[in-house]
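Student: I have a model open on my screen and would like to learn how to read it. Could you walk me through it, starting with the ligand site?

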Amino acid sequence: MLNRFIGLSAAIVGRSSRVSGFPFSPLLKAGNQSQNRTMSAGKAFKVLVTHPEVPQEGIDLLKENCEIIQVQSVPINRAELLEKIRGVDGVLWGGHEPLNAEALDAAGPQLKSISTMSAGIDYVDVPEVKRRKIPLGHTPTVLNTAVADLAVGLLIAASRRFHEGRKTIDNDKWENYHLNWLLGQDIRDSTVGFYGFGGIGQAIAKRLSGFDIDKVLYTTRRRVHKEIEEEFNAKKVDFDTLLAESDFVVIASPLTKDTQGVFNATAFNKMKQTAVLVNIARGKIVNQDDLYEALKSNRIFSAGLDVTDPEPLSPKDKLLTLDNVVILPHIGSATKRTRADMSTIAAHNVLRGLAGEPMLSPAY
Ligand SMILES: O=C(O)C(=O)CO
């Protein structure tokens, strides 16, 4: 099943900006073949790209058939975005700016296709987009491997005390004449618990299977397919069991009203004292004050975070004073290839929405 996901994204993206091995939308075919009068006569659609740094791969695809308007400011100037969105048919939403009624009103009723360039869409007012019957796409799957690689990096860094170790060098406290110095937690024979076990969680589990882990537990609303459970020796458990039995707890779920703040003091108190928490999903799933207390009091062993609340995190944030937390500035999907793939998928989503076809990765 996992291979099917990964295979699908590879087929979707190909290794060029062109999509290979994937059923093109008629709109794209028209552009490629230069046969369709409507399309070749011109840019039947206007598409706004809301960020100047959207990789060229996606823009080139859109350009074949659409007139492109692009926001130029970074950080995004909301006024510029609201001005440029007026009257467009499609939007490739390239940043994490709120996509809400204000933006949709500014666009106007002709807007018929939107895609974000992200997996998480917590900055989108989805009910509002739905209410207007505008197809909405996003870009999960293509970033699974990049985010999973980073998650494994964080898991190792947090369990083996990378940050604390580095600080000892900076502070001239390198004391390896002690035998028990900077001892960490083993990954081998461990139980890894996933809070959320979709494509990213499964890609992490796949990587960890090379680390001789003992078992995988997961907590999700719905049970994953039996063959996925078998592939990863994974068992669905309730949240309390996940917390109590996992040596590593990996947060890989979307941020929703149900997941916001679930990792709080109550949850940390149910975890093993040797447990390592990894969050590559969204900062708000964790109550950060409670996490600070749990780490400071050694209620849990350590944490590796790619996401925080807020982002950017202030350099004065108390979490940064702790030895037992590794923090990265939300770079899970930040590889050149992944970004290019995300722009390609987002462009296809937009084009398909404009053509009245199902998107490659619809958000609802
Ligand atoms: O695309 C997203 O939602 C991400 O947060 C990638 O790290």
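Student: Gladly starting there: how many nonpolar, polar and charged residues are in the shell around the ligand?

Tutor: Sorting a shell by residue class is a handy way to begin. Here, in a predicted model, the shell around the ligand holds 2 nonpolar, 4 polar and 1 charged residues.

Student: Which residues surround the ligand?

Tutor: Follow the chain and you meet Ser118, Ala119 and Gly120, then Leu143, and later Arg282, His330 and Ser333. Glycine is counted as polar in this scheme, so Gly120 belongs with the polar members of the shell.

Student: How should I read the polar contacts, and what does Ala119 use to approach the ligand?

Tutor: Look for pairs of N or O atoms within 3.5 Å. For Ala119 the partner is a backbone N or O atom, 2.8 Å from an oxygen atom of the ligand. Arg282 uses its side chain instead: a polar atom there lies 2.7 Å from a ligand oxygen. His330 also brings a polar side-chain atom to 2.7 Å from an oxygen atom of the ligand.

Student: And how much of the ligand does the protein bury?

Tutor: For that, take the ligand alone and then with its surroundings. By itself the ligand exposes 230 Å², and the protein buries 93% of that area.

Student: Let's zoom out. How many helices and strands does the chain have?

Tutor: The count is 15 helices and 12 strands. Of the chain's 364 residues, 51% count as buried. The accessible surface is about 17,200 Å², with 51% of it belonging to carbon and sulfur atoms.

Student: What do the contacts say about sequence separation?

Tutor: Take the contacts between residues at least 6 apart in sequence: 63% of them join residues at least 24 apart.

Student: Is Asp289 buried, partly exposed or exposed, and why?

Tutor: Asp289 sits in helix H14, which covers residues 288–296. The cut-offs are under 20% for buried and over 50% for exposed. Asp289 has 45% relative accessibility, so it counts as partly exposed. From Ala106 it is 183 residues away in sequence and 38 Å away in space, C-alpha to C-alpha.

Student: Which domains does UniProt list, and where?

Tutor: An unreviewed UniProt entry lists a D-isomer specific 2-hydroxyacid dehydrogenase catalytic domain at residues 47–361. In the model, the end C-alpha atoms of that span lie 18 Å apart, and the span is 35% helix and 15% strand. UniProt, again as an unreviewed entry, places a D-isomer specific 2-hydroxyacid dehydrogenase NAD-binding domain at residues 152–332. The end C-alpha atoms of residues 152–332 are 11 Å apart, with 31% helix and 15% strand in the span.

Terms used. Residues are numbered from 1 along each chain as its sequence is written. This is a predicted model: local features need pLDDT of at least 70, side-chain atom pairs count only at pLDDT 80 or more; totals for chains, interfaces and linings use all residues. Side-chain values use heavy atoms; hydrogens and water are left out. Helices (H or I, at least four residues) and strands (E, at least two) are DSSP runs, numbered from the N terminus. Buried means under 20% relative accessible area, exposed over 50%, partly exposed in between (1.4 Å probe, protein chains only). Contact means heavy atoms within 4.5 Å. Accessible areas come from the Shrake-Rupley method with a 1.4 Å probe; for residues, only the protein chains shown count as cover. A residue is near a molecule or strand if one of its heavy atoms lies within 4 Å of it. A polar contact is a pair of N or O atoms within 3.5 Å; within protein, one must be able to donate a hydrogen and the other to accept it, and residues adjacent in sequence count only if both atoms are side-chain atoms. UniProt positions are given in the numbering used here, feature names are shortened, and annotations may be inferred rather than shown by experiment.
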